[in-house]
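Q: Could you take a close look at one part of this model for me? I would enjoy a friendly walk through a single surface patch and its surroundings.

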Amino acid sequence: MSEHGCIHLSNFKAAKGTQPYKVIYAYFVACTSTEARKRKAFSCYCYICRCLGPRLHSCLHCIFFGCFVSGHIQEHAKSKKHFLAVELTYGMVMCFQCGDYIYDRELTDIANERDAKASKALGLPISYRSWEPSANEIELLRLHPRRRRVIENSTIGLRGLINLGNTCFMNCIVQALTHTPLLRDFFLADKHQCQFRDQPGSCLVCEVSRLFQEFYSGNKAPLILHRLLHMIWTHAHHLAGYEQQDAHEFFIATLNVLHRHCKGSSAHTHSSPEHCNCIIDQIFTGGLQSDVVCQACNGVSTTIDPFWDISLDLATDIPTSSSESNDSGQKSSESSQKSNEQEPTSLIDCLTRFTRPEHLGSSAKIKCSNCQSYQESTKQLTMKKLPVVASFHLKRFKHSSRFHKISTYVAFPEHLDMTPFMSHYRNMNNGHCGNTFNLLPDNRYSLFAVINHLGTLDGGHYTAFIRQQQNHWFKCDDHLITKANIQEVLDSEGYLLFYHKQFLEYE
Amino acid sequence: MLYKTSIEQSLILSGEKDRFKELLRTRLTECGWRDQIQMLCRQIVKERGVQNITADELIGEVTAKGRALVPDAVKKELLQKIKAHFSQDM
Amino acid sequence: MASVEEKQIELDREVRSYLSNPNNVEAAAEAVLNDLVDSVVLGIVFEVHRAAKCGIVDHEDGITDEVSKFEIVEGADMDIFGQPLKKRPQRCICPSCKRSLAALRFAPHLSKCMGLGRNSLRLASRQITNSSKEMVGYSATDDNDSELSLGSDRRRKKRVSFGTRRPKNSKTGRNGDVTLETGTCSELNNSNMNYDSMSNEEKKNLLMQICGVISVSTRKLCTRSMRCSQHSDEQRRAVRAALLNSQGSDMNSTPDMLQVDIDSYEDGDGQSMCESLGQSWEQEHSNTSSPADSASTSSSSSKKREKNTKTQE
């Protein structure tokens with residue numbers, strides 16, 4: 001049975017068309033105007049008991065309202081032989097002869113259209129609707145009935161990765177990527193359209209797609225990422241060569257190659273390269289706003305640059321090679337710290353420092369286009385647009401005259417609200433507006449992957465913690481996948497932190 | 001009881017009823033309640049068989065549970081907003 | 001019959017007065033909330049009911065695999081798949097040369113296979129300096145050839161080693177040295193004659209493998225290993241410095257040389273050489289930016305990183 005309604009409805013439509021339904025829907029189900037609302041408020045009540053619901057129905061054949069719970073609409077149907085009624089909360093059609101609600105494609109379309117209009121009229125976003133398979137998809141589902149159910153405590157989605165000779169950096173990044181929910185959904189929904197059809201084997205996106213298939217295959221043997229390594233080394237020369245590499249550098253290079261290979265696969269690409277709409281950009285690209293305020297005229301010069309990650313400094317000493325000195329002309333030596341500066345102890349500290357206004361001293365004057373001269377200024381970085389996945393890189397490997405790894409503990413939270421670091425928050429001095437429906441964008445993020453580097457600069461090893469299914473954490477140590485708990489994760493040192501937006505907004 | 005109707009009417013008039021419903025729906029989706037109820041419904045349909053169940057029966061089975069499963073935080077937020085609306089000009 | 005406007009005003013007044021009593025407010029709000037929840041539940045019921053009646057649910061559910069097959073195992077000494085901690089040795093096929101090899105050695109193999117990495121540079125140059133037939137196995141892939149020197153230079157400038165310096169397999173460096181020393185002396189003598197006609201690259205490569213100190217008597221390069229006792233480290237350093245000076249090269253080429261020397265150290269050569277060279281290599285790299293700032297990655301993010309570095313203190 002599908003959305004063909006029933007014989008009784010078909011007969012009715014043949015006689016009266018869809019107009020009666022449309023009218024009822026527009027006035028009493030989803031009001032699109034104040035006029036309609038007035039009608040609904042004052043003339044829409046059960047003709048028998050005068051209540052407003054619940055489950056008030058309108059007769060489709062005549063003007064009559066009756067509630068369901070007390071049986072009033074049923075009575076009317078029987079006595080008048082008007083067997084079709086419309087339920088007024090959602091516009092569902094009840095056929096009393098069939099004894100149940102019935103679904104008709106034509107009427108459903110009308111309903112959806114009206115709903116959209118009504119939401120718009122109220123200034124609300126369109127209601128979220130669950131996914132439903134299209135006709136094609138139903139056919140596919142029918143032809144391939146086997147399903148793999150991923151319940152809690154399932155190994156599906158997890159696989160070990162063999163170390164190919166100091167390739168733990170690659171293994172960890174792959175674990176993080178395969179556990180990025182949106183990315184996983186993209187690939188499992190077969191959304192990738194390859195740009196390299198005439199050169200099979202050269203598309204990195206296809207390779208990653210195959211990886212996802214492997215991860216969700218239910219196969220328990222660890223994977224060997226030799227093809228992936230070969231492809232990345234082919235496309236990112238600066239990385240290539242047998243030597244342990246920086247996981248962060250590998251992450252950016254991988255995104256870069258994926259982005260290049262995706263290009264053009266989205267339907268609408270703007271002329272400028274930054275406006276690519278590929279999945280990588282949709283998930284990882286954010287906008288960093290830089291405001292430079294001229295101290296003389298208070299003119300603000302704003303630029304917005306795209307970014308894939310935020311690198312956060314941990315040290316507090318000023319490197320001697322820096323071209324900027326601070327206001328009082330202090331230049332500290334490499335090893336001493338500024339007396340009023342403290343090492344950050346948390347991710348929030350780091351982000352606060354990152355977005356705090358900085359006075360660019362007298363030796364770093366900016367040419368102000370307003371004043372037409374060089375002036376002192378302050379500069380501030382804020383997030384204009386946050387990506388769906390926010391990646392943070394704690395700069396633990398500093399290259400001062402001594403090689404050393406900054407191993408200080410930096411606390412990072414399980415849930416992170418990025419609101420205080422957003423551009424509009426800084427720009428607005430008032431708090432949030434108090435309308436009923438909170439129209440401010442949501443900036444809450446949840447941790448889903450942590451990559452740690454153990455050891456010293458000379459000899460080290462990368463491991464990753466990843467989250468599956470809401471709150472199950474696992475430790476990925478090359479081919480070894482073991483269960484972990486959130487405390488372990490939060491207590492770990494942290495080198496690369498991956499946060500995923502909690503709630504996604506639809507257009 | 002009489003006032004219930006009147007209050008309902010004024011909420012419809014101002015459009016606030018739809019707004020509150022949308023807010024509630026969003027919060028219930030975010031906290032996973034929606035998925036819970038959906039699974040519950042699917043379960044019942046599976047048990048009884050698609051041919052043997054009417055929407056009315058489903059409604060009867062699920063409504064009470066639905067109310068009970070609403071998280072306190074969501075309840076609190078909505079109640080607070082509704083009360084705030086009441087104290088403003090309606 | 002009152003007009004709609006009049007009704008509205010009346011309604012407004014009525015409700016307002018009712019709600020001025022705080023007890024009523026509480027009850028009214030609760031009632032409103034319950035109604036709203038019920039209507040949301042109704043919506044979900046309709047959705048599921050519709051999907052069920054239209055056969056969608058059946059299609060979606062299909063035939064499910066046995067769930068217990070994929071349950072997570074929690075136990076000591078095993079991973080979540082219930083497999084023991086120690087892994088069995090794995091093999092794979094190199095996408096470049098199609099040979100089968102042990103997975104754990106894949107990365108170093110690929111590195112040579114693609115003509116990347118310091119060892120490959122050495123081996124490739126050995127191909128140039130002598131026509132030993134041992135080098136058959138390794139070939140640089142075409143598309144990397146042109147970028148060989150550029151890529152490796154850039155890499156060397158920016159790369160900082162993060163991982164373990166594993167001792168190289170014996171079959172790579174050492175045997176080569178041995179061959180040079182003993183076997184093909186005559187060929188090398190030829191090379192000696194041709195030393196001056198070699199390209200700088202070739203000379204450098206040659207000096208990576210042999211002692212290289214010019215014998216005062218014969219005016220020839222010493223072809224013994226870098227550990228040769230006839231000559232001192234000082235002398236060896238001098239030869240290399242002379243080469244560099246003659247090139248008029250700047251600091252940038254030094255790391256190439258030094259880095260490669262460290263490489264040969266790993267094959268078991270002179271300790272002191274490594275230390276002194278290692279130190280100057282460190283010095284060299286102190287002025288370079290971190291690999292994370294590599295300009296060859298996405299320009300936007302690297303730009304950001306540089307900016308970030310500057311804004312931090």
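A: Here is a look at a nonpolar patch on chain A, followed by notes on chains B and C.

This is a predicted model, in which local features need pLDDT of at least 70, side-chain atom pairs count only at pLDDT 80 or more, and totals for chains, interfaces and linings use all residues. Residues are numbered from 1 along each chain as written, chains are lettered from A and ligands numbered from 1 in the order written, and side-chain values use heavy atoms, without hydrogens and water.

The patch consists of Y47(A), I48(A) and I63(A), which together offer about 340 Å² of accessible area (Shrake-Rupley method, 1.4 Å probe, with only the protein chains shown as cover for residues). Patch residues have over 30% relative accessible area and no salt bridge (a Lys or Arg side-chain nitrogen within 4 Å of an Asp or Glu carboxyl oxygen), and nonpolar side chains (Val, Leu, Ile, Met, Phe, Trp, Tyr) are joined within 5 Å. I63(A) lies in the loop between β1 (56–59) and β2 (65–67) of chain A, strands being DSSP E runs of at least two residues and helices H or I runs of at least four. With a relative accessible area of 72%, I63(A) is exposed (over 50%; buried is under 20%).

Turning to chain B, you will find 5 helices and 0 strands, and 49% of its 90 residues are buried. Its accessible surface is about 4,500 Å², 51% of it from carbon and sulfur atoms.

In chain C, an unreviewed UniProt entry places "zinc finger region: SGF11-type" at residues 92–113; such annotations may be inferred rather than shown by experiment. That stretch is 36% helix and 23% strand, with its end C-alpha atoms 14 Å apart.

How values were computed:
Buried means under 20% relative accessible area, exposed over 50%, partly exposed in between (1.4 Å probe, protein chains only). Patches are made of residues with over 30% relative accessible area and no salt bridge: like charges are joined within 9 Å, nonpolar side chains (Val, Leu, Ile, Met, Phe, Trp, Tyr) within 5 Å.
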